[in-house]
Amino acid sequence: MKTSAQTSTAPVGTAVARDESTRDRVARSILTNGPSSAAVLAERLELTPAAVRRHLDHLLEAGLVESREERVYGPRGRGRPAKVFVLTDTGRHDFHQAYDDLAATALRFIAESGGDEAVVQFARQRVAEVEVRYRELLAAAPDSDKAQTLAKALTADGYAASTQQAGAGEQLCQHHCPVAHVAEQFPQLCEAETEVFSRLLGRHVQRLATIAHGDGVCTTHIPGAPASVSPVSDSESARTTR
């Protein structure tokens with residue numbers, strides 16, 4: 001039985017379309033920026049917290065997002081960790097299905113034709129051009145800013161990357177991966193990217209988490225630069241050996 005508010009189909013249809021558009025903005029914001037709390041989403045999208053929670057409830061019910069406790073790096077403060085929302089595999093699939101299907105089919109053909117080594121070569125060739133572009137940017141940056149410069153370059157290419165301090169080093173976080181579904185089947189893509197990060201930053205980096213393996217963020221640990229050792233003069237060396 002229709003209520004008086006539902007007797008006019010045009011306004012209802014407009015309201016539904018508006019809801020779907022806003023809901024898409026919420027999901028896309030999580031996709032682009034990574035795990036986000038309701039409060040952060042409300043501020044980012046200039047919506048009321050109540051409106052964001054309503055859309056999140058719908059996305060949760062549809063299986064497009066899931067909630068989890070926010071990861072805390074370093075000492076944890078008092079109280080429970082904040083609840084953040086991340087896209088599920090289904091949610092990401094909605095954004096990337098057509099591209100993923102084509103890319104995965106092409107890589108399966110390469111694997112069947114040339115074996116695993118052919119896939120490795122493809123993955124390395126894929127990131128080779130990116131490495132050249134990024135190297136020019138990082139060459140102009142001081143050592144202390146190289147990780148942040150890399151994050152900015154990745155963000156410009158759609159990876160929504162950021163850096164944060166982690167002990168004596170840094171963590172490079174990529175909140176979005178355009179090839180996550182393909183990398184789930186072909187981890188060689190992630191491995192080739194990690195190799196590029198090591199070469200660009202001039203140190204051995206370690207991949208801690210990937211979206212392709214179900215984590216909310218691709219996280220790469222970048223160790224701190226080795227402590228510089230002041231050169232010792234011949235006279236100082238002679239004194240120390242007496």
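Me: Among the elements of the protein chain, which has the lowest mean pLDDT and which the highest?
Reply: This is a predicted model, where local features need pLDDT of at least 70, side-chain atom pairs count only at pLDDT 80 or more, and totals for chains, interfaces and linings use all residues. Residues are numbered from 1 along each chain as its sequence is written, and side-chain values use heavy atoms, without hydrogens or water. pLDDT is the predictor's confidence in each residue, from 0 to 100. Helix α9 (residues 234-240) has the lowest mean, 44, and strand β6 (residues 218-222) the highest, 95.

Me: What is the mean pLDDT of the protein chain?
Reply: 79% of the residues reach 70 or more. The chain's mean pLDDT is 81.

Me: How many contacts beyond four places in sequence does the model have for residues 1-10?
Reply: A contact means heavy atoms within 4.5 Å. Over residues 1-10, pLDDT stays under 50. The count for this stretch is three.

Me: How many contacts beyond near neighbours in sequence does the stretch 227-242 have?
Reply: Here too the pLDDT is below 50. The count is two.

Me: Is glutamate 46 buried or exposed?
Reply: Glutamate 46 has a positive phi of about 55 degrees, though it is not a glycine. Most residues other than glycine have a negative phi. Buried means under 20% relative accessible area, exposed over 50%, and partly exposed in between (1.4 Å probe, protein chains only). At 73%, glutamate 46 is exposed.

Me: Where is alanine 160 found?
Reply: Alanine 160 is not a glycine, yet its phi is positive, about 45 degrees. Its relative accessibility is 12%, so alanine 160 counts as buried. Helices (H or I, at least four residues) and strands (E, at least two) are DSSP runs, numbered from the N terminus. Alanine 160 is in the loop between α6 (146-156) and β3 (161-166).
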